[in-house]
Amino acid sequence: MARDAGPAAPARPLRRDAELNRRRILASAREVFGRRGLEATLDDIAHHAGLGVGTVYRRFPSKEHLVEAMFAERMEEIGDLAAEALTAEDAWQAFVDFTWKAAELHSGDRGLREIMLSNQFGHEHVAEEKARMVPLITKLVERAKAAGGLRADFAPTDLPLLHMMIGSVVEYTCAVEPDLWRRCLAMLLDGLRAEPGRASELPHPPLDEQEIDEAMSCWRP
């Protein structure tokens, strides 16, 4: 009879230099993915980190492994924001606050925005966090509608589309005025009220003619 091998030995901690390289890769990935999105390659990450490509591949055998390490925790953070919003007394304000906080996170991080709005990237842990988020956001939306703050025909599946609109504004105006999305989100949220009220004070001025012309010149479809 085969002898029981007993419990597996605990994984060895990374050597200090290996752990430093891992942190360096993650910091580089955050900057590169944040600026260029998930089209960036492991070679791009290695070059930015000043490391050999082999070093990156030893820590992360594929880009998918790196994406999981980078973004599962960020997605968990957004899910925690939704869970926290459900504890607020004012259901409409909770919906508004969550929408603003989520937009704040992904407006400056193209990779996070792509992870949030696409199923092409991220598996396992990222998918788990997305699945966790669905019932939380659904409850947040239904609660705001039941309280009479959010228009009755708004659906939870409209929220990703709202963030897609904001992401498009970010990409269109980032070279001219990277915070202009705040103005657009304020107007969108005013339009989602169940009953029209006093318009919100817009947190950012509009582009002038020169700025919109510059945005048009910089933007590439």
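A pocket, as used here, is an open set of grid points with protein on both sides within 12 Å along at least five of seven lines, and its lining residues have an atom within 4 Å of a point. The structure is a predicted model.

**Two pockets**

With that in hand, take the second largest pocket. It is lined by 21 residues. Those nearest its centre are Arg35, Arg113, Val170, Glu171 and Cys174. The space inside is about 410 Å³. Four helices each supply at least two lining residues: H1, H6, H8 and H10 (209–218). H8 gives the most, with three residues.

The largest pocket has a volume of about 480 Å³. Its lining holds 19 residues, and Met116, Met133, Val134, Ile137 and Pro160 are the closest to its centre. Here the elements that give two or more residues are H4, H6 (110–117), H7 and H8.

The table sets out the two pockets.

| Pocket | Volume | Nonpolar lining | Polar lining | Charged lining |
|---|---|---|---|---|
| Largest pocket | about 480 Å³ | 13 residues | five residues | one residue |
| Second largest pocket | about 410 Å³ | eleven residues | three residues | seven residues |

**Arg113, a residue of the second pocket**

Arg113 is among the residues nearest the centre of the second largest pocket. It is found in helix H6. Is Arg113 buried or exposed? Its relative accessible area is 6%, so Arg113 is buried. Buried means under 20%. Setting aside neighbours within four places in sequence, Arg113 is in contact with His106, Ser107, Gly167, Val170 and Glu171. Val170 and Glu171 also lie nearest the centre of this pocket.

**The nonpolar core**

The largest nonpolar core has 54 residues. Which residues have the most contacts inside it? They are Phe33, Leu66, Phe71, Phe95, Phe98, Leu150 and Leu192. Many helices feed this core. H1, H2 (42–49), H4, H5, H6, H7, H8 and H9 (181–191) each supply at least two residues. H4 gives the most, with ten residues.

**Aromatic pairs**

A search of the whole structure finds five aromatic pairs. One of them joins Phe33 and Phe71: the ring centres are 6.1 Å apart and the planes stand at 45 degrees, so the pair is tilted. Phe33 lies in helix H1 (residues 16–36) and Phe71 in helix H4 (residues 63–85). The two are 38 residues apart, so this pair links distant parts of the chain. Phe33 and Phe71 are both buried.

Another pair is Phe95 with Phe154. Their ring centres are 5.7 Å apart and their planes stand at 75 degrees, so this pair is edge-to-face. Phe95 belongs to helix H5 (residues 91–107), whereas Phe154 sits in the loop between helix H7 (125–146) and helix H8 (158–173). The pair therefore ties together parts 59 residues apart in sequence. Both Phe95 and Phe154 are buried. Trp92 joins in as well: ring pairs link Trp92, Phe95 and Phe154 into a cluster.

What else surrounds Phe95? Leaving aside neighbours within four places in sequence, Phe95 is in contact with Leu140, Val141, Ala144, Leu150, Phe154, Leu159, Leu189 and Leu192. Of these, Leu150 and Leu192 are also listed among the core residues with the most contacts.

**Helix H9**

Leu189, a contact of Phe95, is one of the buried residues of H9. The others named are Trp181, Arg183, Leu185 and Ala186. What covers the buried residues of H9 includes H5 and H8.

**Two loop residues**

Phe60 is found in the loop between helix H3 (53–59) and H4. At 4% relative accessibility, Phe60 counts as buried. Beyond residues up to four places away in sequence, Phe60 touches Arg22, Ile25, Leu26, Leu42, His65, Leu66 and Ala69. Phe60 and Ile25 are 35 residues apart in sequence, with 9.3 Å between their C-alpha atoms.

Ala152 is found in the loop between H7 and H8. That loop also holds Phe154. Is Ala152 buried or exposed? Ala152 is exposed, with a relative accessible area of 67%. By contrast, Phe154 is buried. The C-alpha atoms of Ala152 and Arg193 are separated by 9.2 Å, and the two residues are 41 residues apart along the chain.

Definitions and conventions: Residues are numbered from 1 along each chain as its sequence is written. This is a predicted model: local features need pLDDT of at least 70, side-chain atom pairs count only at pLDDT 80 or more; totals for chains, interfaces and linings use all residues. Side-chain values use heavy atoms; hydrogens and water are left out. Rings of Phe, Tyr and Trp (its six-membered ring) pair if their centres lie within 6.5 Å; planes under 30 degrees apart count as stacked, over 60 as edge-to-face and the rest as tilted. Buried means under 20% relative accessible area, exposed over 50%, partly exposed in between (1.4 Å probe, protein chains only). On a 1 Å grid over the protein atoms alone, a cavity is a set of points where a 1.4 Å probe fits but cannot get out, and a pocket is an open set with protein on both sides within 12 Å along at least five of seven lines; lining residues have an atom within 4 Å of a point. Grid points are joined across faces, edges and corners, and a volume is the space filled by probe spheres set on the points. Ala, Val, Leu, Ile, Met, Phe, Trp, Tyr, Cys and Pro count as nonpolar, Asp, Glu, Lys and Arg as charged, and the others, Gly among them, as polar. A nonpolar core is a set of buried Ala, Val, Leu, Ile, Met, Phe, Trp, Tyr and Cys residues joined through side-chain atoms within 4.5 Å. Contact means heavy atoms within 4.5 Å.
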